[in-house]
Amino acid sequence: MTLPAHVRLVEVGPRDGLQNEKQAIDVDDKVRLVDDLSAAGLSYIEVGSFVSPKWVPQMAGSETVFARIKQQENTVYAALAPNLRGFESAVAAGVREVAVFAAASEAFSQKNINCSIRESLERFVPVMDAAKAQGVRVRGYVSCVLGCPYEGEVAAEQVAWVSKELFDMGCYEISLGDTIGTGTAGASRRLFEVVAAAGIERSKLAGHFHDTYGQALSNIYASLLEGISVFDSSVAGLGGCPYAKGATGNVATEDVLYMLNGLGIDTGIDLDLLIKAGQRICDVLGKTNGSRVAKARLGASH
Ligand code: HMG
Ligand code: MG
């Protein structure tokens, strides 16, 4: 398999990253982060979530963030919507692309969205109908594709089933989430093989690797070899998962970009500007930068 000439990175730091922070974050800082990411050349940024503020308090006020960011013409600014209410709030905030999220494990589905996998799929039907009527694109997430914090092993066939349901419902792309970062290169390859064999073209699949076990970059490389060319990542490796204890953030966007640059794969992203964006939000949060590349480049100054 030859490597793709171009990869699309889906920046999830403002959502998957910040949703996990306990401290209050000013809207100004959230807006600045998104604007910095746009300036660095990210073509797809997940800005926030329209979920219950009782479940994920940090994402409350996503509509204000959307109202204030400077939207670039060729950049997609997306949000999570768990139900029709979330979808309607997102659209009212001017969002033109949303993501619904299901899980491959029953226990995680209950902890994350308080319903079974089947119930979640049923809940997405009216979202898909409304989205279709209003010309809003919907991306689908499947969590716990390479392991569940409550159930342990998750069968690739189960991931394929949930993915196909979301795809057949009208999601244009399915992002497979290694929520707890236990996946390995071999397991990642096999997973994409099984999901593709269920009838979803590889060009419609994306990889979403948390880096808890330090495997994310190798999983991405393995996925590239499997014909996958869309990956989710989080600037400065921000994040974790509120419903997956111990999970660290997504693989750092800077580190993925450095690897892709080394492979001669085009992304349209400026590494120096991206590093600045990541360090700025780390300074605001008082956090150590989770990107090895950023740490190396910024050296002793941080
Ligand atoms: P529920 O309690 O079963 O639902 O929550 P409900 O309909 O009974 O509503 C409960 C309360 O939430 C009510 O308010 C509703 O009005 C309100 P109350 O009467 O108690 O004051 N509510 C809402 N408020 C704002 N926006 C909405 C909304 N819907 C209901 N859209 C629900 C079900 C899905 C709402 C809840 O479980 C929820 O919001 N969960 C969100 C969980 C979440 O955001 N998790 C993190 C994102 S997923 C992730 O990180 C994984 C991913 O990165 C991939 C990977 O790594 O695997 C994507
Ligand atoms: Mg995630």
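**Exercise 1.** Is Leu37 buried or exposed?

*Solution.* The model is a predicted one.
Step 1. Locate the residue: Leu37 sits in helix α2, which spans residues 27-39.
Step 2. Take its relative accessible area, which is 0%.
Step 3. Apply the cut-off: buried means under 20% relative accessible area, so Leu37 is buried.
Step 4. List its contacts. Leaving aside residues up to four places away in sequence, Leu37 touches Glu11, Pro14, Leu42, Ile45, Val235, Leu274 and Ala277.

**Exercise 2.** Identify which members of the largest nonpolar core touch the most other members, and follow the contacts of Leu176.

*Solution.* Step 1. The largest nonpolar core has 85 residues; Phe87, Val142, Val159, Leu166 and Leu176 touch the most other members.
Step 2. Beyond residues up to four places away in sequence, Leu176 touches Val142, Val145, Val159, Ser163, Leu191, Phe192, Val195, Ala206, Gly207 and His208.
Step 3. Another core, of 13 residues, lies apart from this one, and includes Val12, Ala78, Ala99 and Cys115.

**Exercise 3.** Describe the two largest pockets by volume and lining.

*Solution.* Step 1. The largest pocket has a volume of about 710 Å³. Its lining consists of 36 residues, with Val51, Ser52, Val56, Pro82 and Phe101 nearest the centre.
Step 2. Elements giving two or more residues to that lining are α1 (13-17), α3 (62-68), α4 (84-92), α5 (106-113) and β5 (137-143).
Step 3. Sorted by class, the lining of the largest pocket holds 16 nonpolar, 15 polar and 5 charged residues.
Step 4. The second largest pocket contains about 320 Å³ of space. Its 16 lining residues include Asp211, Ala236, Gly237, Thr248 and Gly290, which lie nearest its centre.
Step 5. By class, the lining of the second largest pocket has 4 nonpolar, 8 polar and 4 charged residues.

How values were computed
Residues numbered from 1 in each chain as written. Chains lettered and ligands numbered in written order. Predicted model: local features only at pLDDT ≥ 70, side-chain atom pairs only at ≥ 80, totals over all residues. Heavy atoms only, no water. Core = buried A, V, L, I, M, F, W, Y, C linked by side-chain atoms within 4.5 Å. Buried < 20%, exposed > 50% of the residue type's maximum accessible area, 1.4 Å probe, protein only. Contact = heavy atoms within 4.5 Å. Helix = DSSP H or I, 4+ residues; strand = E, 2+ residues; numbered from the N terminus. 1 Å grid on protein atoms, 1.4 Å probe; cavity = no way out; pocket = protein on both sides within 12 Å on 5 of 7 lines; lining within 4 Å. Points joined across faces, edges and corners; volume = space filled by probe spheres on them. Nonpolar A, V, L, I, M, F, W, Y, C, P; charged D, E, K, R; others polar.
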